[in-house]
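User: I have a model open and want to learn how to read its domains and interfaces. Can you take me through it?

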Amino acid sequence: MTATTAEKMTETPSNRLGDRIFSGLALAAGLSILVALTGVFAFLLIRGWQGLSQDASFYDAPRANDFLHYVWPLVFGTVYAAVIALVIAVPLSIGIALVISHYAPRRLATPIAYVIDLLAAVPSVVFGLWGILVFAPAMVPTYGWLDDHLGFIPLFAGNEGGGVNPVGRTILTAGIVLAIMVLPIITSITREIFAQTPRLHQEAALALGATRWEMIRYAVFPYARSGMVSAVMLGLGRALGETMAVAMVLSAGKSLVTFNLLGNESSTTIAANIASNYKEGTPGKVAVLIATGLVLFVLTFVVNFLARLIVARAERNTTR
Amino acid sequence: MIATSARRVLPAVAALALGVSLTACGSSDDKSATPSSSDTANLSSLTGELNGAGSSAQEKAQGAWAAGFQGLTDGNVTVNYNPVGSGDGRTQFAQGGVDFAGTDSYFKDDEGELSAANKRCGEDIIEVPAYVSPIAVFFNVPGVKELNLDADTIAQIFDGKIKNWNAPEIAKLNADAKLPDLAITPVHRSDDSGTTKNFTDYLGKASGSWSYDAADAFPVKGGLAAEGTSGVVAAVTNGKGTIGYADESQVGDLAVAAIKVGEDFNKPTAEGAAAVVDISKAVEGRPATDMAVDIDRKTTEAGAYPLVLVSYLVACQHYDDAAKADLVKGYLTYVLGDGQAAAADEAGSSPLTKATADKALAIVEKIAAK
């Protein structure tokens, strides 16, 4: 009896029809992502190619007379807004995830997790509307206070002639709105990973006399590190590519590179710039916009690649 | 993708064709305009679908026109207008994707757009003004409800040269107003738009203080930028000491400035805006089917309001399909006739004057099957 079942078990799985169909489907799904990516890349390259070297009038002349000068402030703005969003969202989401997985009683944890997940379902246009109609005006007094008291730091310097953006549509506002949009993504992934930390590790740490925070530091975080980075990367991807909310909230300066968080004009992002200028664009201008899309595509790739590299190196160091 | 890039390669041939056609039809301007009401009788026989795309400024008006036209044709005709923006509308028209297009700036040949459109039609396109809307300069200054401004002052405000509401330049024009000591925050569109183009065109031509070219993108650094008309309106509403420009119908309860025309200060009015189209000169070198005008921003005509946006409808003279030709002709005839009042109700636009409408109707009258 046992012999026959063992025999059946050793049969190679791929011989079964169901398995073969499934592995074929899985392969097709994997390949289709590659095909889609290649397709998008090819589109950006072919349609954007002429946008890389156009007459100065297609860029932002006289401030930017060639593609590099046109795209650099946009790259800067994209990264800057995303960095602001992550600086706010990452500690907050990890904190929320920890509360849900380790601190809060289950009765409380489940509804909190549910509400955070709901945030992810709110469309970005709604965040944009809320941003310009409610949030940005409400932040003006806070910005004024920051400018008055921290104005000696260039970040909070405000406008040249004094004062801050009178309607609050600054890159800080955009960053905070982005942070709220990124929050549910990072929270739900890190929460799942924290919850998967082996019980034994945690109990061992507690048995050695660790406090709960020490247990989290020495048992949960090392175990979850790569998952946390993945979560942050997904959040970063959303922040880099977010379009409507930024386009609506930000008071975008033309070809402007500034770290100023509170001024009238801020550097805008690639995605928001495409959304704002595509509609009325002539063919030449549209080619330029598509070329900036290509830059965003490459930028996202590079950022992801670098992050993976850093994680891989850190992992090697800890295991050694 | 490859097809479109190939389509663009026809500059010499198209330019030649254009030159020939310009000389060919120089004098076919018969003045026998047909009033719209005479055509409404046979409209009910029309059926089918009409597709257009382009100017987002026309969106509301197109909605009113589509509804009105559907009513006249007993619901047998569906008009779809996609407000993708003027640039995209022009491209879609030239590529044959839509039957007609709406555009805030008339077709030009700087980037071969006019040639491409003419090639699509196989002859000169029809381009008629259909939507005229005054652009209001509006502001939010505590205690100030009425404000007189001239083009020079507006230019300097938006250029960041005049920084305070109690500046002598503004005070000089407004002896009665109590102008506060408050910083001016000019608000402009962050997205490219026909409104910005007309506004900067006005400043460039009517004032001596504006050194930038007319462009879809606002040229000056500084000031606030906001996305879309509603974004500008919201920014001016939420701010203090803010001033912006937008389609007059969208300004709502905010205070609107009167601008100097001749010796008077005029607030935007439907009549004043429409009158400017009549005064303006036709663009040189255009065939008789093209009513593109360069708006006379310097007009001193009493009551005129030269800060206007004129948006065009573009169609072919001949369509392969007879039913399609009838549809386009019927729709444009309605738009230029009864549709003007409908758009004024719904979108707050300024109805064309009779002279302009009649001239446009005479052109539309010639739409036929190939």
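Analyst: We will go through the domains, one buried serine and the chain interface. Keep in mind that this is a predicted model.

User: Where do the domains of chain B lie?

Analyst: Start with the residue ranges. A domain need not be one continuous stretch, as chain B shows: domain 1 is assigned 4-134 + 274-299 + 307-369. Domain 2 covers 135-268.

User: How many residues of each domain are in contact?

Analyst: Count both sides. Domain 1 of chain B brings 17 residues, and domain 2 of chain B brings 21. Together the two domains bury about 1,500 Å². Carbon and sulfur atoms account for 51% of that area.

User: Which residues of domain 1 of chain B supply the most area against domain 2 of chain B?

Analyst: Look for a trio that stands out. P134(B), R297(B) and L307(B) supply 49% of what domain 1 buries against domain 2, more than any other three residues.

User: What salt bridge links the two domains, and how many polar pairs are there?

Analyst: Check charged pairs, then polar ones. There is 1 salt bridge between the domains. R297(B) pairs with D201(B), with the closest N and O atoms 3.0 Å apart. The polar contacts number 6 residue pairs. On the domain 1 side, strand 4 (126-140) and strand 14 (308-315) of chain B each give two or more residues. That side divides into 8 nonpolar, 4 polar and 5 charged residues.

User: Is S115(B) buried or exposed?

Analyst: Read the relative accessible area. For S115(B) the value is 8%, and the cut-off for buried is under 20%, so this residue is buried. S115(B) sits in helix 5 (residues 113-121) of chain B. The side chain of S115(B) makes a polar contact of 2.5 Å with that of D109(B).

User: Now the chains. How much area is buried between chain B and chain A?

Analyst: Use the approach from the domains. The buried area is about 2,900 Å², with 48% from carbon and sulfur atoms. Chain B gives 39 residues to the contact and chain A gives 33.

User: Which residues form the salt bridge there?

Analyst: The interface has 1 salt bridge. D192(B) pairs with K285(A), the closest N and O atoms being 3.9 Å apart. Polar contacts join 9 residue pairs between the chains.

User: Which elements line the chain B side?

Analyst: Those giving two or more residues are helix 4 (86-94), strand 6 (185-189), strand 7 (224-226) and helix 9 (228-238) of chain B. Helix 4 of chain B gives the largest share, 5 residues. By class, the chain B side has 12 nonpolar, 16 polar and 11 charged residues.

Notes. Residues numbered from 1 in each chain as written. Chains lettered and ligands numbered in written order. Predicted model: local features only at pLDDT ≥ 70, side-chain atom pairs only at ≥ 80, totals over all residues. Heavy atoms only, no water. Domains from an automatic or database assignment. Contact = heavy atoms within 4.5 Å. Buried area = accessible area lost by both parts, 1.4 Å probe. Salt bridge = Lys/Arg side-chain N within 4 Å of Asp/Glu carboxyl O. Polar contact = N/O pair within 3.5 Å; in protein donor to acceptor, adjacent residues only side chain to side chain. Helix = DSSP H or I, 4+ residues; strand = E, 2+ residues; numbered from the N terminus. Nonpolar A, V, L, I, M, F, W, Y, C, P; charged D, E, K, R; others polar. Buried < 20%, exposed > 50% of the residue type's maximum accessible area, 1.4 Å probe, protein only.
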